[in-house]
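This report describes selected structural features of one protein chain. The sequence and the model are shown first, and the description follows.

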Amino acid sequence: SGPLLDRVFATYKLMHTHQTVDFVRKKHAQFRSFSYKRMTVLEAVDMLDGLVDESDPDVDFPNSFHAFQTAEGIRQAHPDKDWFHLVGLLHDLGKVLALAGEPQWAVVGDTFPVGCRPQASVVFHDSTFQDNPDLQDPRYSSELGMYQPHCGLENVLMSWGHDEYMYQVMKFNSFSLPPEAFYMIRFHSFYPWHTGGDYRQLCSEQDLAMLPWVQEFNKFDLYTKCPDLPDVGQLRPYYQGLIDKYCPGVLSW
């Protein structure tokens with residue numbers, strides 16, 4: 001699938017050119033008011049059907065199916081952790097940013113820290129960062145860049161996208177989920193860290209303790225993108241129950 005891979009590369013080229021410290025700080029400021037939309041979790045799930053993720057070489061069916069597939073995969077493997085099932089449903093809802101008019105390179109795809117030199121396992125690492133102005137800036141172009149060793153990922157400015165946005169939505173709306181859930185949502189696209197083994201110099205003890213949770217989540221995110229689509233109508237009441245328990249009502253996005 002040549003055209004599909006070209007599209008993926010083009011998305012990362014834009015991301016790796018324009019995701020800078022300054023850009024990410026502006027996005028945090030822009031979306032911190034949570035005034036984009038008022039809607040429930042399931043309304044956000046339905047909205048995602050209007051989106052095809054340009055960073056994803058695998059999927060050509062509506063995003064809501066992937067949300068339910070991921071959730072159901074987790075539910076089968078971890079029947080006793082209902083909060084974890086809900087994480088499967090929630091994890092990509094930050095992609096509503098693309099429907100708010102944001103460019104896909106600022107919404108989808110693998111994330112990486114800005115403010116320090118990109119490490120080797122960042123996707124297309126060798127061919128996409130040449131035009132990123134931060135890499136010409138001595139403050140931001142060393143291995144640690146603007147960070148202290150082992151400062152903790154919570155103190156690292158990640159490239160802006162659906163992970164960080166959804167994490168902020170969850171905090172703002174006071175989701176009553178355990179810390180592991182917030183952590184998995186915030187870092188599930190940080191492949192260079194959870195899969196590539198890079199950026200250990202920024203990690204705290206807490207990050208390393210949380211890493212197995214992110215890796216466990218990732219099993220279901222990656223490998224549930226099969227064309228056998230679930231009967232969403234049948235599943236909705238179960239997930240509505242979880243939403244009512246952990247993140248009820250109309251939320252601010």
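## Helix H9 and its surroundings

In H9, the buried residues are Ala181, Phe182, Tyr183, Met184, Ile185, Arg186 and Phe187. The model is a predicted one, and the statements below refer to that prediction. Because seven of the nine residues of helix H9 (residues 179-187) are buried, this helix is largely enclosed by the rest of the structure. The buried residues of H9 pack against H5, H8, helix H10 (191-194) and helix H11 (205-222).

## Aromatic residues

The structure contains 20 aromatic pairs. One of them joins Phe190 and Trp193 in a stacked arrangement, with 5.8 Å centre to centre and 25 degrees between the planes. The angle satisfies the criterion for stacking, because planes under 30 degrees apart are counted as stacked. Phe190 has a relative accessibility of 0% and therefore counts as buried. Trp193 is likewise buried, its relative accessible area being 0%.

Phe190 and Trp193 also belong to one aromatic cluster, together with Tyr183, Phe187 and Tyr199. Of these cluster members, Tyr183 and Phe187 are among the buried residues of H9.

## The largest nonpolar core

The largest nonpolar core comprises 78 residues, of which Leu89, Leu177 and Trp253 touch the most other members. In soluble globular proteins, nonpolar side chains tend to be buried together. When neighbours within four places in sequence are left aside, Leu177 is in contact with Trp83, Leu86, Leu90, Met170, Phe182 and Tyr246. Phe182, one of these contacts, is a buried residue of H9.

## Annotated binding-site residues

An unreviewed UniProt entry lists His66, His91, Asp92, His162, His188 and Asp221 under "binding site". From this set, His162 is included in the lining of the second largest cavity.

His66 is located in helix H4 (residues 63-77) and counts as buried because its relative accessibility is 4%. His91 occupies the loop between helix H5 (82-90) and helix H6 (96-99); with a relative accessibility of 1%, His91 also counts as buried. The side chains of His91 and His66 make a polar contact at 3.2 Å. Residues up to four places away in sequence being excluded, His91 touches His66, Thr70, His162, Ile185, His188, Phe217 and Asp221. Among these partners, Ile185 is a buried residue of H9, while His66, His162, His188 and Asp221 appear in the UniProt list.

## The loop between H7 and H8

Val156 is placed in the loop between helix H7 (125-128) and helix H8 (162-172). Val156 counts as buried because its relative accessibility is 7%, a value that falls under the 20% limit for buried residues. Apart from residues up to four places away in sequence, Val156 touches Pro113, Tyr147, Cys151 and Leu202. Val156 and Met146 are ten residues apart along the chain, and their C-alpha atoms are separated by 9.1 Å.

His150 also lies in the loop between H7 and H8. Its phi is near 55 degrees, a positive value in a residue other than glycine.

## A further positive phi value

Ser174 is situated in the loop between H8 and H9. Although Ser174 is not a glycine, its phi is positive, at about 55 degrees. With a relative accessibility of 57%, Ser174 counts as exposed.

Terms used
Residues numbered from 1 in each chain as written. Predicted model: local features only at pLDDT ≥ 70, side-chain atom pairs only at ≥ 80, totals over all residues. Heavy atoms only, no water. Helix = DSSP H or I, 4+ residues; strand = E, 2+ residues; numbered from the N terminus. Buried < 20%, exposed > 50% of the residue type's maximum accessible area, 1.4 Å probe, protein only. Contact = heavy atoms within 4.5 Å. UniProt positions renumbered as here; feature names shortened; annotations may be inferred. 1 Å grid on protein atoms, 1.4 Å probe; cavity = no way out; pocket = protein on both sides within 12 Å on 5 of 7 lines; lining within 4 Å. Polar contact = N/O pair within 3.5 Å; in protein donor to acceptor, adjacent residues only side chain to side chain. Core = buried A, V, L, I, M, F, W, Y, C linked by side-chain atoms within 4.5 Å. Phe/Tyr/Trp six-rings, centres within 6.5 Å; stacked < 30°, edge-to-face > 60°.
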